[in-house]
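Colleague: Could you take me through one part of this model up close? I'd like the four-stranded sheet, with whatever packs on it and the charged pairs around it.

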Amino acid sequence: MTKKKKSEASHDPFNEGVNDGAVDFEKRIRSAFSAGGPLAGATEHFMHRDGQLSFALDVARAIENHGTEVIEAGTGTGKTFAYLTPAILAGCKVIVSTAGKPLQDQLFGKDLPAVCKALGVNASTALLKGRSNYICLYRMETAQSEARLPSPAAVRDFQKIAFFAKTDETGDRARCHGVPDDSPAWPYVTSTAENCLGSDCPRIKDCFVYKARAKAKASDIVVVNHHLYLSAMALLADPESAGAGDDARMLPQADLTIFDEAHKLPDIASAFFGTEFSTYQLKNTVKEMRAGLLSRFKSYLKKNNWDQACDAVIHAMMDFVLRLDEIGVGEGVSRMISETADAESLVKPLDKTFTALATLIESVMPVCEEDAEITKYCEVLNGLSVQMNEWIEALKTPKEPAKTADGRPAVRWIERGKTEARLNTTPLSFAEDFAKLRQMQAQSAWVFTSATIASGHGDFSHFVSEMGLTGVETHVYASPFNYADQAMLYVPESMPDPKTSEREDYIEALIRESWPVIDVIGGKTFILCTSYRAMRHAAALLRGLISANNRAYEVLVQGEDSRTKLIERFRKTQAGAILVGSMSFWEGIDIKGDALSLVVIDKLPFAPKDDPVLLARSRWIAEQGGNPFVEHHVPLATIALKQGTGRLIRSEHDRGILIIGDRRVLPSISSYGRRFLESLPPFSRTLKLERVLDFWQHPDTWS
Ligand code: SF4
């Protein structure tokens with residue numbers, strides 16, 4: 001363990017007058033969380049919570065024993081303080097990884113400085129994001145000098161970004177205010193692993209990405225995200241891989257690695273350990289290379305015919321996408337190749353693309369040695385042609401069991417966007433891959449935590465086996481909220497069976513049953529749907545009811561504005577808003593107070609049966625004698641349900657109603673209902689509307 005030198009700590013209230021060696025780690029943690037202890041002054045509403053202290057002691061034990069802890073901590077447990085406190089007091093090197101940027105920013109900007117300050121520890125900290133979050137000086141200057149920007153809007157935003165890059169130390173685009181996230185300028189001023197020139201870059205000395213990595217490597221505590229963590233470890237395991245340049249290590253050797261929002265890790269790891277050939281990436285790389293060639297090697301154009309060669313690749317690729325349409329893999333469809341009718345007919349257009357690409361690469365070779373950027377594009381295109389070749393072979397025998405490059409069972413599947421396609425190879429298990437990456441930090445202790453990891457009552461087996469963890473300690477710390485008084489779960493008894501009723505009828509029944517509750521609460525409702533179709537139908541029905549009843553509730557629907565703006569409008573709407581969303585609104589939204597008082601969930605959130613990865617994993621589990629529904633589908637759905645439910649009660653002062661339209665949640669209706677119910681917070685429960693209305697209107701009699 002890399003202990004912090006005593007001189008580095010500006011003031012440690014625990015060490016005053018005490019021999020450092022004699023200080024007992026556990027005592028220091030207990031003292032930190034005590035009523036009059038240093039953390040009590042760190043936040044306005046600090047209160048002692050048994051679960052928080054126990055969590056912190058678990059982390060301390062993991063540090064001392066190099067152990068692995070998997071901890072579910074309910075909303076309000078205070079888990080960030082629980083893991084940061086022992087991590088900071090131990091004075092060791094720590095990596096904290098989150099699934100998304102909001103928690104990453106909150107940890108780095110708020111919680112970490114607050115805990116360090118309260119404990120009087122002067123730890124060096126760093127925030128490291130993926131490279132697309134930083135301005136790339138080389139690409140920015142190239143875009144300007146070669147006039148690559150595609151529109152006046154891009155030029156306008158570019159000027160703001162260029163000014164920002166001159167004045168900001170970090171180059172982190174989140175700090176560049178006034179340029180929207182979806183600005184067409186961003187791709188021209190940020191890099192990817194494929195187009196970064198690494199050690200060949202003329203701007204590497206000032207490069208924001210490399211500076212952020214250098215800072216992270218030298219810091220005591222680094223906050224990253226799951227995808228970046230996996231990339232960083234993969235780069236260490238294979239330093240020759242793309243983008244490594246001469247600096248494969250971007251994170252410190254950690255003594256403690258903490259994954260918060262760990263319930264998202266399996267999905268992120270599953271995608272990370274697979275491979276993807278994307279027609280968008282191919283088209284984009286060809287377009288960018290063409291722009292570079294035209295601006296710097298125009299005089300060679302006639303001789304080498306690049307322009308036509310670029311066109312030939314793009315046209316052949318478009319034919320491939322058109323063929324996908326013809327065989328039923330249209331926009332929005334995801335399908336295994338083994339389930340795709342006439343998949344063999346894709347070989348011809350893909351082969352044509354492959355040949356056109358080989359011609360393009362050959363025609364560009366003469367200038368490669370003269371230009372680092374063109375060389376880099378050629379490397380990327382070579383990599384894509386290798387992938388394409390693998391796919392041509394796979395499509396010749398689409399029914400053959402798919403394998404990863406090292407021969408493990410996998411699924412090959414195609415995913416369609418509007419004008420592009422992604423060809424994916426996903427391993428059926430990524431446990432081994434994850435274990436290998438953990439070996440890159442072999443001396444680290446590990447903590448995996450989230451409000452939703454366990455399925456049923458404290459059953460972590462699904463998460464532990466998916467991630468391939470061994471020798472783990474597991475713990476559940478319940479939320480300190482008084483759920484029975486604060487919230488009621490209502491399952492309307494007259495709801496039809498979701499498996500046998502028509503979808504439209506089912507949603508009509510749900511809205512009919514929910515309307516009296518929505519109206520008595522005054523909007524302030526999230527309707528969480530399991531499909532876009534249900535979402536659109538529910539929104540239309542609600543708008544009709546609002547107009548028929550002469551109410552002023554505003555209905556906000558996913559897709560009608562950005563997620564951030566919809567949530568902002570939801571918070572601000574005085575007349576009471578009703579937000580209707582699909583799966584992306586089930587998690588990561590924290591609305592405290594009475595702006596959100598009702599959550600309606602249409603169905604138990606089982607993943608779509610035709611999801612290719614789910615389907616392939618289910619068959620694989622069955623082949624090994626397991627029960628995919630019990631071992632895979634139900635655990636995934638219980639965790640998703642917990643996430644959706646978790647939007648309702650965010651503080652000890654919140655009150656609310658949860659309506660679940662799906663009666664399969666009742667143990668009397670389905671064999672797995674109990675597992676779902678046991679996963680939910682212990683709200684009061686009812687099947688009767690009168691009791692819901694009474695609960696809402698007479699809070700005093702329910703507390
Ligand atoms: S090293 Fe890569 S990211 Fe940095 S400026 Fe150069 S091309 Fe851009």
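Modeller: Let me start with one charged residue and work towards the sheet. Arg569 is partly exposed, at a relative accessible area of 33%. Asp561 falls in that class too, counting as partly exposed at 28% relative accessibility. The side chains of these two, Asp561 and Arg569, meet in a salt bridge, with 3.5 Å from N to O. That's one entry in a list of 38 salt bridges in the structure.

Before going further, keep in mind that this is a predicted model. The protein chain averages a pLDDT of 90, and 94% of the residues score at least 70. Two stretches deserve some caution. Over residues 242-246 the pLDDT is below 50, and the model gives this stretch 13 contacts beyond near neighbours in sequence. Residues 1-22 also stay under 50, with 40 contacts beyond four places in sequence.

For orientation, the chain is divided into four pieces: domain 1 (47-124 + 219-273 + 430-480), domain 2 (130-206), domain 3 (275-427) and domain 4 (483-702). The centres of domain 2 and domain 4, taken over C-alpha atoms, are 41 Å apart.

Now the sheet itself. It's an open one with four strands, in the order β6-β9-β8-β7, and the pairing is antiparallel. β6 (275-278) and β7 (334-336) are the edge strands, each with a single partner, so one side of each has no neighbour in the sheet. Going from one strand to the next, the twist averages 20 degrees.

Zoom in on the β6 edge. β6 pairs with β9 (residues 421-427) in the antiparallel sense, over four bridges. If you want a place to put your finger, Ser278 stands opposite Arg422 in β9. Packed on the sheet is helix α15 (residues 372-396), which touches β6, β8 (410-416) and β9. The direction of α15 makes about 100 degrees with that of β6.

Next, the charged pair that involves a strand of this sheet. Arg416 forms a salt bridge with Asp325, and the closest N and O atoms are 2.8 Å apart. Arg416 lies in strand β8 and Asp325 in helix α13, so the pair ties together parts that are 91 residues apart in sequence. The two partners sit on either side of a cut-off: Arg416 counts as buried, at 5% relative accessibility, whereas Asp325 is partly exposed, with a relative accessible area of 37%.

Helix α13 turns up again in another pair. Arg290 forms a salt bridge with Asp307, the closest N and O atoms being 2.6 Å apart. Here Arg290 belongs to helix α11 (residues 279-296) and Asp307 to helix α13 (residues 306-326), so to speak a link between distant parts of the chain, 17 residues apart. Arg290 is buried, with a relative accessible area of 18%, while Asp307 is partly exposed, at 25%.

One last thing to look up while you have the model open: Asp105, Lys129 and Asp172 are linked in a network of salt bridges.

To pull the close-up together: β9 pairs with the edge strand β6, α15 packs on the sheet, and Arg416 in β8 reaches Asp325 in α13.

Definitions and conventions. Residues numbered from 1 in each chain as written. Predicted model: local features only at pLDDT ≥ 70, side-chain atom pairs only at ≥ 80, totals over all residues. Heavy atoms only, no water. Pairing = 2+ DSSP bridges. Helix = DSSP H or I, 4+ residues; strand = E, 2+ residues; numbered from the N terminus. Axes fitted to C-alpha atoms, helices over the stretch in contact; angles between N-to-C directions. Contact = heavy atoms within 4.5 Å. pLDDT = per-residue confidence, 0-100. Domains from an automatic or database assignment. Salt bridge = Lys/Arg side-chain N within 4 Å of Asp/Glu carboxyl O. Buried < 20%, exposed > 50% of the residue type's maximum accessible area, 1.4 Å probe, protein only.
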